Amino acid sequence: MGEFHVMDHPLIQHKLSIIRDKNCGTREFREVVNEIASLMVFEVARDMPLKDVEVETPEGTAHAKKLAGKKVAVVPILRAGIGMVDGVLDLIPTAKVGHIGMYRDEKTFQPHEYFLKLPSDIGERQIFVVDPMLATGGSAIMALDALKKHGANPKNIKFVCLVAAPEGVKAVQKAEPDVDIYAAALDDHLDHGYIVPGLGDAGDRLFGTK
């Protein structure tokens, strides 16, 4: 079964408290979400493989390390996932970006896919799927299934969110046992499909909509 990681780094926890606050405005919310995404991907990328290289410095030859193997793709689940992309690209600017569009039926809470566009070599890439909230897990599971159908190796996929509900974590682990999940916080429970205490509707808070 895929592992579940809660990132308790002080900077991540401090910034998460800022965006939980209902009085945090759109501009600050957007900026801090990207900052948290950067801090998280720093840790999520910890096991990326390295290769030995020699680099000529002004003083001689250094035996150094560079990234080896798979290139990276960041795939936001629309629309809220877009708010985390720039934070990932700040650290991994060569990553390609795919998109998976999902909307949730507000009565049944069931996800529906409406858009999919991925790099042509998605099967050769380490994939970071990003979405601020892991609530019921329905959208995450549908997105992960779509990636697999289009050639992604599930063992190369990591799901990165800000806030997770226990119900969503369990659902994704059961449906997608090869995928590791990374969150800044594991909250209490779901109430009518929303995470409690959560941080509200991440898409609305990112884009100033209701």
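Start by selecting Ala-202, which sits in helix α6 (residues 202–207). Helices here are DSSP runs of H or I with at least four residues, strands are runs of E with at least two, and both are numbered from the N terminus. What you have open is a predicted model, so local features need pLDDT of at least 70 and side-chain atom pairs count only at pLDDT 80 or more, while totals for chains, interfaces and linings use all residues. Residues are numbered from 1 along each chain as its sequence is written, and side-chain values use heavy atoms, with hydrogens and water left out.

Ala-202 is buried because its relative accessible area is 5%; buried means under 20%, exposed over 50%, and partly exposed in between, with a 1.4 Å probe and protein chains only. Show its surroundings and you will find Phe-29, Ala-80, Pro-132 and Met-133 in contact with Ala-202, leaving aside residues up to four places away in sequence. Contact means heavy atoms within 4.5 Å.

**The annotated sites**

Ala-202 also appears in an unreviewed UniProt entry, which lists it with Ile-195, Gly-200 and Asp-201 under "binding site". From this set, Ile-195, Gly-200, Asp-201 and Ala-202 belong to the lining of the largest pocket. UniProt positions follow the numbering used here, feature names are shortened, and annotations may be inferred rather than shown by experiment. A pocket is an open set of points on a 1 Å grid over the protein atoms alone, with protein on both sides within 12 Å along at least five of seven lines; lining residues have an atom within 4 Å of a point.

Now select Ile-195, in strand β13 (residues 194–196). Ile-195 counts as buried because its relative accessibility is 9%. Its contacts beyond four places in sequence include Met-133, Leu-134, Ala-135, His-189 and Asp-187.

**Across to Ala-135**

Follow that contact to Ala-135, in the loop between β9 (133–134) and α4 (138–149). With 14% relative accessibility, Ala-135 counts as buried. Among the residues it touches, not counting those up to four places away in sequence, are Arg-104, Glu-167, Gly-193 and Ile-195.

UniProt gives a further "binding site" feature in an unreviewed entry, and its positions include Arg-79, Arg-104, Ala-135, Ser-139 and Asp-201. Of these residues, the largest pocket's lining includes Arg-79, Arg-104, Ala-135, Ser-139 and Asp-201. Ser-139 is in helix α4, where it touches Ile-77, Met-102 and Pro-111, again not counting residues up to four places away in sequence.

**Asp-187 and its partners**

Go next to Asp-187, in the loop between β11 (180–186) and β12 (189–191). Is Asp-187 buried or exposed? At 7% relative accessibility, Asp-187 counts as buried. Display its side chain: there is a polar contact of 2.8 Å with the side chain of Arg-20. A polar atom of the Asp-187 side chain also lies 2.7 Å from the backbone nitrogen of Gly-198. A polar contact is a pair of N or O atoms within 3.5 Å; within protein, one must be able to donate a hydrogen and the other to accept it, and residues adjacent in sequence count only if both atoms are side-chain atoms.

**Backbone stops**

Pro-197 is one of the residues that Asp-187 touches. It lies in the loop between β13 and α6, and the peptide bond joining Val-196 and Pro-197 is cis, with omega about 0°. Another cis bond runs from Leu-78 to Arg-79, with omega near 5°; Arg-79 is in the loop between β4 (71–78) and α3 (82–91).

Finish at His-192, in the loop between β12 and β13. His-192 is exposed, with a relative accessible area of 62%. Its phi is near 55°, a positive value in a residue other than glycine.

Notes: On a 1 Å grid over the protein atoms alone, a cavity is a set of points where a 1.4 Å probe fits but cannot get out, and a pocket is an open set with protein on both sides within 12 Å along at least five of seven lines; lining residues have an atom within 4 Å of a point.
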